[in-house]
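Me: I've got a model open and would like a close look at one part of it. Could you walk me through that spot and whatever surrounds it?

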Amino acid sequence: MGRRASKGAGGRLLGALRGDRALRDEDFERLYEEHAEALLSFLALRTGDRALAEDLLADAFERVLRKRRTFDRRRGSEKAWLYSIALNLLRDHARRSKVERGATEKIRFERGTEAPDPNLGQVEDRDVVDQVLGVLSAEEREAVALRFGADLTVPEIAELTGNSLTTTEGRVYRALRKLRAELEEPAS
């Protein structure tokens, strides 16, 4: 019979133990209801593109559904697990986009064509938030997006990113200070 004890007291105990750690099927809908809106806000803030954010949200929940049995409550909260999946998808997308841009630029260079300036016509339409977020480091932008886009607490952000609470608090504080200074600076 091996290790697959599906009947009897031992099987029930093993199932109960696994069930206490894993994300059950019925938890999926609850997880979506509780976190989808905030996660979409976070992704939209990080990408600046609502359609892309919606795609990433769908990918994140698809991955949660596929990997729900690997979730272990002893290692962290459902929310932290969900956001770590979303962050990984976001980082993967950023890496792919960078490679695509590099390949496109290489082709343009090899053909001797000059790429049109992607900022023409868009400079006047830039959103103030995008402009001020540009003064932040990648880590600070991520911390601000998690704090205000995803409405995570600083301890949750620290857990999610694997940074100390002090480091995370410092990032959020510095980012807010930079943003405040940028917003208060008179436009030239």
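The spot I have in mind is His35: is it buried or exposed?

Reply: Happy to. Bear in mind that this is a predicted model. His35 is buried: its relative accessible area is 11%, and anything under 20% counts as buried. The residue sits in helix 2, which covers residues 25-47.

A quick word on the setting before zooming in. The fold has eight helices and zero strands, so to speak α-α-α-α-α-α-α-α from the N terminus on. Of the 188 residues in the protein, 31% are buried, and His35 belongs on the buried side of that cut-off. Take the contacts with a separation of 6 or more, and 67% of them join residues 24 or more positions apart. The accessible surface comes to about 12900 Å², with 50% of it belonging to carbon and sulfur atoms.

Now for the company His35 keeps. Setting aside its neighbours within four places in sequence, His35 is in contact with Lys79, Leu82 and Tyr83. Lys79 is found in helix 4, a helix that runs 78-111. Lys79 is a charged residue by class, yet it is buried as well, with a relative accessible area of 18%.

Follow Lys79 outward and you get to another part of the chain. Leaving out its neighbours within four places in sequence, Lys79 is in contact with His35, Asp151, Leu152 and Glu156. Asp151 lies in the loop between helix 6 and helix 7, and here the burial ends: Asp151 is exposed, with a relative accessible area of 54%. The backbone deserves a glance too, since Asp151 has a positive phi of about 60° although it is not a glycine. Most residues other than glycine have a negative phi. You'll find Asp151 just after helix 6. Glu156 falls within helix 7, residues 154-161.

Right beside Lys79 in the sequence is Glu78, and that one ties helix 4 to helix 2 by charge. Arg30 forms a salt bridge with Glu78, the closest N and O atoms being 2.8 Å apart. That pair links distant parts of the chain, with Arg30 in helix 2, Glu78 in helix 4 and the two positions 48 residues apart. Side chains of opposite charge can pair when their charged atoms come close. The two partners differ in cover: Arg30 is partly exposed at 30% relative accessible area, whereas Glu78 counts as buried at 11%. Glu34 belongs to the story too, as salt bridges that share partners join Arg30, Glu34 and Glu78 into one network.

Further along helix 4 there is a link to helix 6. Arg91 forms a salt bridge with Glu142, again with the closest N and O atoms 2.8 Å apart. Here the pair joins helix 4 to helix 6, across 51 residues. Arg91 is partly exposed, with a relative accessible area of 36%, while Glu142 counts as buried at 13%. Helix 6 spans residues 138-149, and Glu142 is one of its buried residues, a list that also includes Glu140, Val144 and Leu146.

Helix 4 has a salt bridge within itself as well. Asp92 pairs with Arg95, the closest N and O atoms being 2.4 Å apart. Both lie in helix 4, three residues apart, about one turn of the helix. An α-helix has 3.6 residues a turn, so residues three or four places apart point the same way. Asp92 is partly exposed, with a relative accessible area of 24%. Over the whole structure, a search finds ten salt bridges.

One last stop, also involving helix 4, is the second largest pocket, with a volume of about 240 Å³. Its lining includes Phe71, Arg75, Ala80, Trp81, Ser84, Glu159 and Leu160. Helix 4 and helix 7 each supply at least two residues of that lining, and helix 4 gives the most, with three. By class, the lining has four nonpolar, four polar and three charged residues.

So, back to your residue: His35 is buried in this model, and its contacts include Lys79, which in turn is in contact with Asp151.

Note on methods. Residues numbered from 1 in each chain as written. Predicted model: local features only at pLDDT ≥ 70, side-chain atom pairs only at ≥ 80, totals over all residues. Heavy atoms only, no water. 1 Å grid on protein atoms, 1.4 Å probe; cavity = no way out; pocket = protein on both sides within 12 Å on 5 of 7 lines; lining within 4 Å. Points joined across faces, edges and corners; volume = space filled by probe spheres on them. Helix = DSSP H or I, 4+ residues; strand = E, 2+ residues; numbered from the N terminus. Buried < 20%, exposed > 50% of the residue type's maximum accessible area, 1.4 Å probe, protein only. Contact = heavy atoms within 4.5 Å. Areas by Shrake-Rupley, 256 points an atom, 1.4 Å probe, with all protein chains shown as cover. Salt bridge = Lys/Arg side-chain N within 4 Å of Asp/Glu carboxyl O.
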